[in-house]
Every structure is written in C-alpha cells, then in structure tokens.
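The exercises below concern cysteines, a nonpolar core and internal cavities. Each one gives a task and then a solution in steps.

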Amino acid sequence: MLSTRLTNARFLTMDPDRPVARELGIWRGRIVGLDEEVAALPARRVVDLQGATVLPGFIDSHVHLAWTGFKAGTPSIAPCRSVEDVLAAVAEAVARTPEGGWTDLAGYDQRGLGRHLTAAELDRVSAGRKVFLMHDSGHGCMVNTAVLDLLPAELADGNGFLAEGAMGAARALRLPYSQQELADAIGHAARGCLAEGITGCAEAGIGGALFGHSPVELGAYQLASEQGKLPLRVQLMVSADRLRPVAAHRDDGIPRALDLGLRTGFGGDRLSVGALKIYTDGGMMARTAALSRPYEGLDHAGQLQEDPGALADTIVDGHLAGWQLAVHAIGDRAADVALDALERAQRLRPRPGARHRIEHAGLIRPDQLDRLARLGVAAVVQPNFLRYFGDDYAAVMGKERAPWLYRGRGFLDHGITLVGSSDRPVADGSPLRAVQFMVERASASGQVIGPDEGITVEEALRAYTVAGAFACHWEDRAGSLTPGRCADLVVLGDDPTGVEVSRIGDIDVVATFVDGRESEGGAL
C-alpha cells in the first residue's frame with residue numbers, strides 16, 4: 001500500500017526519460033512510480049492537487065543557516081538612509097545594552113549612506129559599550145574604538161571598518177555561541193527555506209574564522225537534527241582553516257586533514273559533511289573581491305585572503321586529502337588563483353569525479369570559461385545578487401566587464417554545470433525569484449545586465465534541482481521526480497514554464513514535501 005498518492009497535478013519531473021506526469025506515488029519516503037505505475041495501487045492518503053504544478057524540491061547549494069537565523073533576531077539599521085539616522089539607531093540599541101556589553105546590529109552597508117561611518121562617530125553614541133555593525137556582505141564590519149582597542153595594532157583600522165581577516169578577528173571577540181543558540185538559529189532559517197520550496201541546502205562553511213560561530217559547530221547541527229529543528233537535507237561545508245598537518249602513511253599522500261581523516265561524504269541521508277570551503281577573496285559589496293584590474297572609479301582591485309601561494313597549497317592539500325572543494329572566488333583574479341591551483345591538484349592526483357566547485361564565480365572573463373570546463377568545475381552562482389545589487393555591481397565593473405557578472409548562458413554553452421543558490425542571508429533566498437532573474441537578467445530597477453547571459457526557464461529550474469543535486473552528490477536521492485528517489489517536492493500555485501517570465505517570482509509555494517512528509521503549515 002502506498003503512503004500517499006498525489007493526483008490531478010502537472011508534475012515537471014526534471015527527468016528526461018519522463019518529463020511530465022499527472023500522478024505520483026510515495027512509499028516509505030521514496031517515489032514509487034508515476035501515472036499508470038501507481039494509479040491502481042491502494043494508498044493510505046490520496047491528495048487531489050487540483051491542477052497544481054509540482055517540481056522536485058529546490059536545492060539551495062550555498063547558504064548560511066546559522067547566520068540567517070541570528071540575523072533575523074538582530075536589530076537592523078538597513079532602513080536608515082543617513083549617517084545621523086544610523087547613529088540614532090545605534091544610540092537606541094546601546095540604551096538597551098548592559099553597561100560594558102556588546103551592541104550588535106545588522107544591515108550595515110556604506111553604499112546606501114554614501115560613505116563609511118567612522119569609529120569616532122560611533123564613539124559619540126556608544127556610552128562605553130562595544131559596538132559591532134555587521135556588513136550585509138558578511139565580509140566586513142564597522143566597530144567603535146572600544147572594539148579596536150581589543151585588537152592587535154596591525155588589524156585595528158583607526159577608521160573602524162574592518163574587512164576579511166580583521167573582521168574575523170573582531171568577530172572572534174564575541175564567540176563562541178552555544179550549541180543550543182546555534183540550533184535555534186539554524187531551525188529558524190531552515191523553516192524559512194521550506195516555505196520557499198527548498199528541500200535541501202549546503203551550509204557554506206562551518207567552524208571557520210570568517211563565518212564560523214563555534215569550534216564545535218557541527219555538533220550544533222546534530223543537536224538541531226535531534227531536536228527536530230532540521231526539517232530538510234543539509235550538507236555541511238567545513239572551513240579549510242580547520243585543516244592541520246597529519247602524520248598519515250606516505251602512501252595516502254595526505255599532508256593536511258581534519259581529525260580522523262574526516263572528509264566529504266561522511267554522514268547520513270539528512271545531515272552530512274560536504275565540501276571543504278576555501279576562501280580566496282572577499283565580496284563585491286565590500287569592494288574586497290579580487291579583480292585583475294581596479295573597480296571603476298576606485299584605485300584598488302580588491303584583495304586575496306592570503307598570499308596566492310598559500311591559497312594554492314590549501315587547495316592542493318584539500319584535493320589530496322580526498323575532499324570535494326568549494327572554492328569561494330568572486331573576482332576574476334581570485335578565479336585565476338583557484339583555477340591554477342585546481343589544475344595543479346589534478347595533475348598531482350587525477351580525480352575526475354571530484355566535482356570541485358567555484359562558489360559565486362561572480363566575474364568570469366571569457367578566457368576563463370574554457371578552463372572551468374576543462375577542469376570539470378561547477379559554477380555555483382547567486383542570481384539574486386544581480387537582481388538586488390546589480391545596478392551597483394554593473395557600475396563598479398564598467399561597460400566591458402558588467403556582462404561577465406554571474407553568468408548563465410556562457411557557462412552552459414561551455415558545458416559547465418550551472419548551479420543556483422542564494423548565499424542567504426546576503427540576498428533574498430527565493431529560488432523562484434532567482435529563476436526569473438536568470439531568464440530576464442533584470443535588476444530590481446529594470447536594468448538588464450548581460451542580456452546575452454540569459455537562459456531558458458527550464459535551464460534555470462535545472463540549476464535549482466538536477467544541477468544542485470549533482471553538485472552536492474545527491475543525484476541518487478534528489479533533484480528529479482524519478483522512481484527510487486526521495487519524495488522531496490514542491491507544490492506551486494502556477495507553472496513557471498507556462499506563465500509570463502515576469503510572474504515567476506510571485507508564484508505561490510503551496511506545500512513542500514521532504515521524504516514524502518508535508519512541511520508544517522502546508523496548505524494541503
């Protein structure tokens with residue numbers, strides 16, 4: 001007997017062997033069959049979907065769940081449009097902070113203010129508290145003198161804006177969070193994912209200096225799972241700064257590893273260890289993405305996280321230790337460093353099935369496309385970055401480079417796996433809004449950025465289903481509505497392949513199923 005039979009729907013399976021169906025059967029959390037394969041089978045529950053469209057559950061291949069959860073509970077200065085408004089909001093938050101404590105606020109972005117704040121300005125309203133404003137990019141923060149005084153002199157920028165490693169040092173003064181705090185934040189973010197039709201995601205870096213929240217952060221995900229707060233599949237990328245030298249057997253060829261040789265693939269069906277996360281540069285919002293020539297109107301070209309040789313050694317060592325690699329590279333210079341190192345790694349120990357990934361691939365020159373394809377590297381992009389920040393990004397890249405931003409068609413035409421993701425909470429997490437952008441290439445203001453990089457609706461949906469599953473090594477369980485795979489699916493109020501493209505982002509998510517179970521709050 002089937003657990004559930006879903007009927008009277010348009011199932012877009014993303015399986016080329018059977019692309020469309022009307023009925024789907026579920027047993028023990030798996031898809032049993034479609035249409036005539038299940039129509040005559042008895043079922044404990046039969047659900048008439050009344051003509052709805054059903055897709056495989058979306059996979060968001062690059063998220064920050066803990067950060068998302070914490071940000072949701074942190075006062076934000078994002079609505080402020082002037083320096084004085086920000087200082088007033090800081091003063092209000094300071095008044096609620098115990099004497100000598102930390103005042104944390106989210107939503108800092110100098111672009112909306114016309115300039116950065118200064119530590120001296122924050123000092124005027126901090127009343128002895130330590131003030132920490134997190135930059136929306138996650139690659140910087142603004143602090144007051146009370147925080148700067150706690151940092152080594154070489155990191156303490158007198159103006160108060162700290163980027164990359166200096167930001168990490170400032171964050172470390174506030175850490176760690178408890179595992180229970182982390183589990184609660186993770187659960188909050190996971191519920192938000194489900195509401196958008198996401199049934200699986202890849203957490204983009206735990207335990208590291210930049211985005212980590214605790215040296216025992218993996219345990220917080222286990223706790224969230226045990227407490228029923230992790231209602232979707234989660235794969236954990238581990239920050240590469242957790243690698244350390246090991247005295248492994250010389251035949252293993254492993255110079256650095258995590259304790260006990262832990263690597264990609266460890267774990268279960270719902271919670272597992274994924275790629276090794278390696279940061280090569282910063283972010284475009286903070287102007288720290290590493291470019292091969294300066295930002296338009298500025299006298300610098302961003303920065304690498306470390307010396308290029310050190311970055312390359314980490315990439316090679318991670319490859320030799322058996323990891324899938326997720327290399328953060330937003331600027332084209334950073335992409336050069338990543339590709340050079342990946343090429344060297346594959347020469348030393350060929351692993352054609354490694355499925356290494358470039359996270360973001362924000363600015364990829366035409367000459368870099370063939371290299372990505374030759375190395376079999378996937379591009380994990382965030383389409384909503386251009387939807388919400390595209391006007392700014394296009395301006396700082398200039399006319400020649402703007403069409404290279406967060407490519408679509410260029411990757412696909414070169415045979416590069418194109419994977420969709422959000423980087424939440426940096427940008428809106430909705431896969432449907434991202435799909436709309438991948439086709440239209442239009443920012444929120446209506447500016448079309450790189451129109452030749454537009455792709456079809458079907459290709460964009462594939463980036464959030466089949467390609468996402470492939471990038472996470474989940475193709476045997478997710479990504480398509482194929483018999484034998486997990487019953488992870490999303491029920492939509494309309495068909496994204498049949499409506500006007502401009503309406504795709506507004507399609508309602510009616511229900512989300514993981515392992516055949518409907519998420520709480522579903523409308524069915």
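A disulfide is counted where two cysteine sulfur atoms lie within 2.5 Å of each other. The model shown is a predicted one, and the solutions should be read with that in mind.

**Exercise 1. Cysteines**

Determine how many disulfides the structure holds, and explain why Cys486 is in none.

*Solution.* Begin with the total: the structure holds zero disulfides. Cys472 accordingly takes part in none, and the nearest cysteine sulfur to its own, which belongs to Cys201, is 8.5 Å away. For Cys486, the closest cysteine sulfur is that of Cys472, and because the two are 13 Å apart they are too far from each other for a bond. Finally, consider accessibility, for which the cut-off for a buried residue is under 20% relative accessible area. Cys472 has a relative accessible area of 1% and is therefore buried, and Cys486, with 2%, is buried as well.

**Exercise 2. The largest nonpolar core**

Find the residues with the most contacts inside the largest nonpolar core, and state which helix gives the most to this core.

*Solution.* The largest nonpolar core has 120 residues, and within it Leu405 and Phe411 are those with the most contacts. Helix H7, which spans residues 179-195, gives the most to this core, contributing eight residues. Next, take Phe411 and set aside its neighbours within four places in sequence: the residues in contact with Phe411 are then Ala361, Ile364, Leu369, Leu372, Ala379, Val381, Ile416 and Leu418. As background, nonpolar side chains in soluble globular proteins tend to be buried together.

**Exercise 3. Cavities**

Establish how many cavities of 30 Å³ or more a search of the whole structure finds, and describe the linings of the largest and the second largest.

*Solution.* The search finds three cavities of 30 Å³ or more. The largest has a volume of about 110 Å³, and of the 17 residues that line this cavity, Ser137, His139, Ile330, His360 and Asp423 are the closest to its centre. Strand S17 (271-279) and helix H12 (383-401) are the elements that give two or more residues to this lining. Sorted by class, the lining of the largest cavity comprises eight nonpolar, seven polar and two charged residues.

Turn then to the second largest cavity, whose volume is about 50 Å³. Its lining consists of Val381, Pro383, Tyr406, Arg407, Gly408, Phe437, Met438, Arg441 and Glu453, which divide into five nonpolar, one polar and three charged residues. Val381, a lining residue of the second largest cavity, has already appeared in Exercise 2 as a contact of Phe411.

Notes: Residues numbered from 1 in each chain as written. Predicted model: local features only at pLDDT ≥ 70, side-chain atom pairs only at ≥ 80, totals over all residues. Heavy atoms only, no water. Core = buried A, V, L, I, M, F, W, Y, C linked by side-chain atoms within 4.5 Å. Buried < 20%, exposed > 50% of the residue type's maximum accessible area, 1.4 Å probe, protein only. Helix = DSSP H or I, 4+ residues; strand = E, 2+ residues; numbered from the N terminus. Contact = heavy atoms within 4.5 Å. 1 Å grid on protein atoms, 1.4 Å probe; cavity = no way out; pocket = protein on both sides within 12 Å on 5 of 7 lines; lining within 4 Å. Points joined across faces, edges and corners; volume = space filled by probe spheres on them. Nonpolar A, V, L, I, M, F, W, Y, C, P; charged D, E, K, R; others polar.
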